[in-house]
Amino acid sequence: MSTFNAYTASAGDAPPNPFPAPSVDINTLRVGFNGLGSMGFKMARNLINHHGKDNTTFPPILVYNRTRAKAEEFIKVVGSQKAEIADSPGELVKCDVIVTSLNGDDVVRKAYGEYIGALKVCNRHSFYAFSLTRTCKER
């Protein structure tokens with residue numbers, strides 16, 4: 001039995017990918033972003049500045065922050081054409097991808113609880129990717 005060695009193989013030697021990438025049109029991908037703290041603000045801004053950079057039809061990202069003033073500050077920095085404010089974390093489930101940058105296990109639990117609740121009543125069959133900056137541990 002032969003094994004595949006990625007270091008010595010040529011491109012044609014690779015085995016077929018059993019997990020094909022989802023067919024998503026990146027130019028119409030709606031992104032939600034939860035958490036505009038010191039790290040999240042910069043991450044969301046960089047996402048706007050680099051994703052869809054050459055495509056003016058890229059939809060605005062939907063942002064949520066517990067402190068609405070921080071979200072409003074973000075809109076002033078990036079412009080209302082590039083981002084919109086969500087009224088709750090649950091509203092982000094209408095996006096194709098949700099990125100979270102949250103501080104603390106209790107905040108993560110609350111946000112994901114709202115996602116779960118919103119997904120139960122939402123009849124969407126979309127691709128979702130969640131990212132955490134902290135993980136919840138059993139107490």
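Colleague: I'd like to learn to read the strands here, starting small. Which residue of S2 is the bridge partner of Asn34?

Modeller: Tyr64 is the bridge partner of Asn34. Keep in mind as we go that this is a predicted model. That bridge belongs to a wider pairing: strand S1, residues 31–34, and strand S2, residues 61–64, are joined over three bridges.

Colleague: And do S1 and S2 pair in the parallel or the antiparallel sense?

Modeller: In the parallel sense. Now step back to the sheet they belong to. It is open, has four strands with parallel pairing, and reads S3-S2-S1-S4 across. At its edges are S3 (83–85) and S4 (97–100), each of which pairs on one side only. From one strand to the next, the twist averages 25°.

Colleague: What packs on that sheet, and which strands does it touch?

Modeller: Look for helix H2, residues 68–78, which touches S2 and S3. The directions of H2 and S3 make an angle of about 160°.

Colleague: How should I describe a helix pair, then? At what angle do H1 and H2 pack?

Modeller: Give the angle, the distance and the handedness. For H1 and H2 the angle is about 35°, and their axes lie 11 Å apart. Their crossing is right-handed. From H1, the contact uses Phe41, Ala44, Arg45 and Ile48. From H2 come Lys70, Glu73, Phe74, Val77 and Val78.

Colleague: How many of those contact residues are nonpolar, polar or charged?

Modeller: Six are nonpolar, three are charged and none is polar.

Colleague: Let's turn to pockets. What is the volume of the largest one, and which residues lie nearest its centre?

Modeller: Its volume is about 370 Å³. Of the 21 residues in its lining, Gly35, Asn65, Arg66, Leu102 and Val107 lie nearest the centre. A good next step is to sort the lining by class: ten residues are polar, seven nonpolar and four charged.

Colleague: Which helix gives the most to that lining?

Modeller: H3 does, with four residues. Both H1 (38–50) and H3 (105–121) supply at least two residues each.

Colleague: One last reading exercise, on chain neighbours versus spatial neighbours. Where does Thr28 lie, and which residues does it touch beyond four places away in sequence?

Modeller: Thr28 sits in the segment before S1. Setting aside residues up to four places away in sequence, Thr28 touches Pro59 and Asp96. Check Phe58 as well: it is 30 residues from Thr28 along the chain, while their C-alpha atoms are separated by 5.9 Å.

Note on methods. Residues numbered from 1 in each chain as written. Predicted model: local features only at pLDDT ≥ 70, side-chain atom pairs only at ≥ 80, totals over all residues. Heavy atoms only, no water. 1 Å grid on protein atoms, 1.4 Å probe; cavity = no way out; pocket = protein on both sides within 12 Å on 5 of 7 lines; lining within 4 Å. Points joined across faces, edges and corners; volume = space filled by probe spheres on them. Nonpolar A, V, L, I, M, F, W, Y, C, P; charged D, E, K, R; others polar. Pairing = 2+ DSSP bridges. Axes fitted to C-alpha atoms, helices over the stretch in contact; angles between N-to-C directions. Contact = heavy atoms within 4.5 Å. Left-handed = near helix turned anticlockwise from the far one by under 90°.
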